[in-house]
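Me: I'm new to this one and would like a close look at a single helix. Could you walk me through it?

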Amino acid sequence: MNQAFRYRILVIDDEPSTRELLQMSLESDGYEVHTAEDGLSGLQRFHELRPHIVVTDIRMPGIDGIEVLRRVKAQAPEVEVIVVTGHGQMELAIKALQLEASDFINKPISDQALSVALKRARDKIAMHHKLQNADEQIRQRGDFEHRLIQVSMDGVIANDRRGRITIFNEGASRIYGYSPEEALTSLHVAKLYPPGQAQVIKELIYGRQYGGPGRLINYETEALHRSGQRVPILLSATLLYERDAEVATVGYFKDLTELKRLEQDLVQQTRMGAMGQAMAEVAHGVKNILYGMKLGAFMVDKGLTEANLTLAQKGWPMVRKNMDRIAHLTLDMLSYARDDTRHRQPTALNRLVREACSEVRGRAEELGVSLVEDLAEGLANVIADPENLLICLHNLLGNALEAFAEDAPDKRVRVQTRALANGTQLLRVEDNGRGISPEVQAQIFKPLFTTKRARGTGLGLAITQKIVHEHGGTIRVQSKPNRGTAFEIELPTA
Amino acid sequence: MGDDKVILVIDDDPEICDAMQTILEEYGYRVCTALDTVRGRELLEREKPNLLILDIMMASMDEGLNFAGSLKKREGVWGIPILIVSARPPAERGYGRSVDQDLDWIAADIFMEKPVDPEELIHNVQVLLGEAEAVAQ
Ligand SMILES: Nc1ncnc2c1ncn2[C@@H]1O[C@H](COP(=O)(O)OP(=O)(O)OP(=O)(O)O)[C@@H](O)[C@H]1O
């Protein structure tokens, strides 16, 4: 037993022999022992001595052991009370345990039973001490944190294991539109996110992509406002554990609405700026196209006036092709300048891929390119404008089909879809064509950048990137000169 | 009409090359085409053309200009007239001066801005080959 700390024990028993026996045996075990011969004086001594442990006989005249137990526990719940019961007093023993006696021992008292009961009492006291310290710390920190939480600009929301909200600060109110009272009484954590997203977030917290397991750091997602509106947020969350058991989740929510708006403004601005600069580039593209058109028209004219059908026949396709290019350029410019996100709906990515692939298959065959679809089964829908996504697919497929030297031996283009662990979907268009040098790579998403002269408008990738960004997705390119190129689009799911 | 005259067209757009060839052949010229200046140089040596029609917006503007410049510095077979076709007016982006002021500087005998009118092009070809009188602009 701990030298510096002596447990004080009060023994209450009306039988002198039992008192003496207990006193002797407990003192020899190193306890400080005091005695009282009935309930009343026992309680008095209890007040004077403040013992850690009380051992009391249960059957006593006047105030009996049960009453002693009740009063001691009422005043000092941390004190452990062991009751001593006689033969056939099981009911009283049970009652004592219900009143939070730490244990009971039967008469005649055996040394072994006594020491087991005392050990248990000591353990409980020790545990209680620890808890009390922790409680105190938590309370102090809690006060501080409570204030911190309340004044925090960010939303702070905690929930217990069953998803009930236990903390909901004003920042959270601002983001969500619920009052703290409302949230604490009637809001479930799943309602904080668009349908299905709570589960995704939960899995992410347990996973390791965002700083976990057990943590989620700076995950961009959407909050579901009381009104049903979606609010872009940056979420960090952590699981709280108590004795290795998970007890709660705390989330820190940063409202990104303003940031997103600024971002969008910026995108719009740079886009318009680029458009301004680009006017000269457009003119350049148009001039090239017109040049081809004029040469073609000249041949047609000359062929017609001189009744030279061959010449006219040579000229006409040039006219037509360049007409198509002008139309193409115009449409591209329109869809680049336009800001159209209205037609979003749950969309099956694979269906769009199949559609786009079937539309370009003829051209692929003409060019001798084998076009392979590698589509994941059972993909969730993405929220997207199908027409716009088709434009993206066409641009990527078109570029991939044009990525080959005519005499390249083995021309392959592969389109892949996959569900990613972070809840997004991957669309990958890959070719083993000429690749893109790093200097060119830096430019390809710029409007009107093209290495294809009159054959390309240079808007394809700029449009694709714009659409992907409008869908809250990302696009990136990986390429090695002479090895091939892969474009990857990640889109959020429904 | 110069049956024996050879014209070299350098343009990285094969369709333009094709069209130019068809049209110029209609006027009785023999035409060879190159998609880049490397191939162009080869043809210059081999075919000894009487005129070069060059698009300076090839891979880079510099490529076309340097090429034209390097030709102009030479004498002999290299000293052939050059007709430059460009989608950009020469005063733009680094040329800095206008065509009329300083044709030498851009190393061309005639500079034409796209979209070039084919009839004018033919006329200029004939001028450069000494087959027609230059008209006052
Ligand atoms: N798969 C690819 N392989 C090699 N180069 C590519 C590939 N995809 C794009 N590029 C390069 O990026 C440039 C820009 O592409 P973008 O789609 O924006 O315009 P474009 O293809 O030139 O014109 P258009 O959009 O009218 O087809 C291309 O000119 C080409 O140099």
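Reply: Here is a walk along one helix, with a short glance at chain B afterwards.

This is a predicted model, where local features need pLDDT of at least 70, side-chain atom pairs count only at pLDDT 80 or more, and totals for chains, interfaces and linings use all residues. Residues are numbered from 1 along each chain as its sequence is written, chains are lettered from A and ligands numbered from 1 in the order in which they are written, and side-chain values use heavy atoms, with hydrogens and water left out.

Our helix is H1 of chain A, residues 16-28; helices here are DSSP runs of H or I with at least four residues, strands are runs of E with at least two, and both are numbered from the N terminus. H1(A) has 13 residues and spans 18 Å from its first C-alpha to its last, close to the 18 Å expected at 1.5 Å a residue (1.5 Å times one less than the number of residues).

Now for its sides. Thr18(A), Arg19(A), Leu22(A), Ser25(A) and Leu26(A) are the buried residues of H1(A). They sit on the same side of H1(A) because they cover an arc of only 150° around the axis, taking directions from the helix axis to the C-beta atoms. Turned away from that buried side is a face with the exposed residues Ser17(A), Glu20(A), Met24(A) and Ser28(A). Buried means under 20% relative accessible area, exposed over 50%, and partly exposed in between (1.4 Å probe, protein chains only).

After H1(A) comes Gly30(A), with a positive phi near 100°.

As for chain B, it has four helices and five strands, running β-α-β-α-β-α-β-β-α from the N terminus on. Of its 137 residues, 53% are buried.
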